[in-house]
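Work through the exercises below with the sequence and the 3D view side by side. Try each task before reading its solution.

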Amino acid sequence: MKTGRQAKIMELIGKYEIETQEELAEHLKDEGFDVTQATVSRDIRKLKLTKIAADGGKQKYAPEQPQSTEESRRYLRVLKEGFVSMEMAQNILVVKTVSGMAMAVAAAIDAMHWQEVAGCIAGDDTILCANRSSEDTLAVMGKIRRIVDEM
């Protein structure tokens, strides 16, 4: 059922300019799928869909475009060069950076598209990285530690 629904989602976003989860849920219901907004939200996350610009200043769902190897290396380099330390506060990861580097490091973390990360807020030298759970915070810390240590 889930695989069929997710295949239908991919078909629908290719066929229509779907702007909201509610709109996607309506299209799925029209196709015979009994879904809730929460189910649609999970499917969007699982399928790694993102919003891109559409005609008329609107946005629409589309599959996430893979990063180029050079772009990925650049993000890794920014993360390593700007990183100073990190500390866990439940599902929030506080990342300290070199002064003036927090926005760049936060953008690098966001660009990694880690499922555990809901989003980042950056100041001058501090990032608050909101994760989905405390366990996810530990996972993100491990990922950052591996990046910083291996480069």
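A pocket here is an open set of grid points with protein on both sides within 12 Å along at least five of seven lines. Its volume is the space filled by probe spheres set on the points. The model is predicted.

**Exercise 1. The largest pocket**

State the volume of the largest pocket, then describe its lining.

Step 1. The volume of the largest pocket is about 420 Å³.
Step 2. Its lining has 18 residues. Nearest the centre lie L49, E64, H113, V117 and R132.
Step 3. Sort the elements. Two or more lining residues come from each of α3 (37-47), β1 (49-53), α5 (102-111) and β5 (117-122).
Step 4. Sort by chemistry. The lining splits into six nonpolar, six polar and six charged residues.

**Exercise 2. The open sheet**

Give the strand order of the four-stranded open sheet, and find which strands stand at its edges.

Step 1. The order reads β3-β4-β6-β5, with antiparallel pairing.
Step 2. β3 (83-89) and β5 each have a single partner strand, so each has one side without a neighbour in the sheet. These two are the edges.
Step 3. From one strand to the next, the twist averages 20°.
Step 4. Check one pair. β5 and β6 (126-131) are antiparallel and share five bridges. In this pair, C120 stands opposite C129 of β6.

**Exercise 3. Helices across the sheet**

Determine which strands α4 and α6 lie across, and at what angle each helix runs to β3.

Step 1. α4 (69-82) lies across β3 and β4 (92-97). Its angle to β3 is about 85°.
Step 2. α6 (134-150) lies across β3, β4, β5 and β6. Its angle to β3 is about 165°.

**Exercise 4. The buried side of α5**

List the buried residues of α5, and name what covers them.

Step 1. Apply the cut-off: buried means under 20% relative accessible area.
Step 2. A102, V105, A106, A108, I109 and A111 qualify.
Step 3. Recall the helix rule: with 3.6 residues a turn, residues three or four places apart point the same way.
Step 4. The cover includes α4, β3, β4, β5, β6 and α6.
Step 5. Look just past the helix. H113 takes a positive phi of about 55°. H113 is also among the residues nearest the centre of the largest pocket.

**Exercise 5. The hairpin**

Describe the pairing of β1 with β2, and the link between them.

Step 1. β1 and β2 (59-63) pair antiparallel over five bridges.
Step 2. I52 stands opposite K60 of β2.
Step 3. Five residues lie between the strands of this hairpin. G56 takes a positive phi near 75°.

Notes:
Residues are numbered from 1 along each chain as its sequence is written. This is a predicted model: local features need pLDDT of at least 70, side-chain atom pairs count only at pLDDT 80 or more; totals for chains, interfaces and linings use all residues. Side-chain values use heavy atoms; hydrogens and water are left out. On a 1 Å grid over the protein atoms alone, a cavity is a set of points where a 1.4 Å probe fits but cannot get out, and a pocket is an open set with protein on both sides within 12 Å along at least five of seven lines; lining residues have an atom within 4 Å of a point. Ala, Val, Leu, Ile, Met, Phe, Trp, Tyr, Cys and Pro count as nonpolar, Asp, Glu, Lys and Arg as charged, and the others, Gly among them, as polar. Two strands pair if DSSP finds at least two bridges between them. Axes are lines fitted to C-alpha atoms, for helices over the stretch in contact, and angles run from 0 to 180 degrees between N-to-C directions. Contact means heavy atoms within 4.5 Å. Buried means under 20% relative accessible area, exposed over 50%, partly exposed in between (1.4 Å probe, protein chains only).
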